[in-house]
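Student: I would like a close look at a single part of this model. Please take me through it step by step.

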Amino acid sequence: MWNYEKRLQYPVKISQTNPQIAKIIITQFGGPDGELGASMRYLAQRYTMPYKEVTGILTDIGTEELAHLEMVCAIVYQLTKNLTPEEIERSGFAPYYVDHTLALWPQAASGTPWSATTFQSKGDPITDLHEDLAAEQKARTTYDNILRLVKDPEVADPIRFLRQRELVHYQRFGESLRIVQEKLDSQNFYAFNPEFDK
Amino acid sequence: MNNNMMNNGMYNNNGNNNAMNRRRRDMSARTPDQPMNRRQLLNHINQVSFAVDETKLYLDTHPCDREALAYFREMSHKRNHALKEYAEAYGPLTIDTAAESCTERWNWINEPWPWQEGGC
């Protein structure tokens, strides 16, 4: 069960449109290391997670990623609001516009549609948490790459917030991995998969 | 010394280290005698909500940290109080605060959505 909260986790107030940078930033909505994939990854992995601390972290980080997805969409929406046909042509936004007008659709910067093949839900806590740690670093790199291209401080500010959250999530997944390893250590480390072997 | 005792109120004790530390730690510092305007109240909600989000993740992997538990309780209380105050004055941000502010009409859809101009 989820409830909607009618505010962004961190404010997005962009006064200048910029469709070129919107085409780059949309990758954190539907790209391979974007927020939609992040949320689906953690929320999918949690059902078979046998340790309550880690089930909690997957649920709560997976939920926060939905709030990040909303922030990324708000950034793209505000960067492409009220564009004229001339601005669309001049900025190279036409290939996106022809399929989606000015609506939001989850795709990578390359135009590749969002896909569940960008993440795994493997059913082994050691394996899944290593994937989650890598995912947070990949998202952090993507935000670093975006920040090198963004000149507008009104855009850079919420992107920096999102980048910082990747670091915190990485930290919490690291602690989760330690918790799993300690629990396994008390039995027979790596000899069995606690999500499958009982 | 006498001065110290007189100034030992919660919000105007500039010389008290504990009060200063509390203010530094507390992301939600506010002066209760001056009502906040809409923007200030929203900023306050964003700050205490962030504190709640951050402490929630920390507590998932440190469930017995008493200091974090106390901080969570304090921030969660401030958040719930501010959300109620906001709903009564400007319209609801959460469904649980919609009842008080929607007696005449359904205000949930009235105020701008977060990505729109004037939204939160």
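Student: Why does B:Lys56 count as buried, exposed or partly exposed, going by the other C-beta atoms within 10 Å?

Tutor: Bear in mind that this is a predicted model. Start with the count. B:Lys56 has 19 other C-beta atoms within 10 Å. A residue is buried at 20 or more, and exposed at 12 or fewer. The count for B:Lys56 is 19, so this residue is partly exposed.

Now place the residue in its chain. B:Lys56 sits in helix α3 of chain B. That helix covers residues 38–61. Next, look along the chain to B:Leu69. B:Lys56 and B:Leu69 are 13 residues apart in sequence. In space, 9.1 Å separates their C-alpha atoms.

Step back to see how chain B meets chain A. On the chain B side, 15 residues make contact, and they touch 23 residues of chain A. The chain B side of this meeting has nine nonpolar residues. It also has three polar and three charged ones.

Then turn to the partner. Chain A has eight helices and zero strands. Its pattern along the sequence reads α-α-α-α-α-α-α-α. Along the principal axes, the C-alpha atoms of chain A fill a box of roughly 65 × 35 × 30 Å. Chain A has 198 residues, and 36% of them count as buried.

Last, consider contacts inside chain A. Take those between residues at least 6 apart in sequence. Of these, 78% join residues at least 24 apart.

Conventions:
Residues numbered from 1 in each chain as written. Chains lettered and ligands numbered in written order. Predicted model: local features only at pLDDT ≥ 70, side-chain atom pairs only at ≥ 80, totals over all residues. Helix = DSSP H or I, 4+ residues; strand = E, 2+ residues; numbered from the N terminus. Contact = placed C-beta atoms within 7 Å. Nonpolar A, V, L, I, M, F, W, Y, C, P; charged D, E, K, R; others polar.
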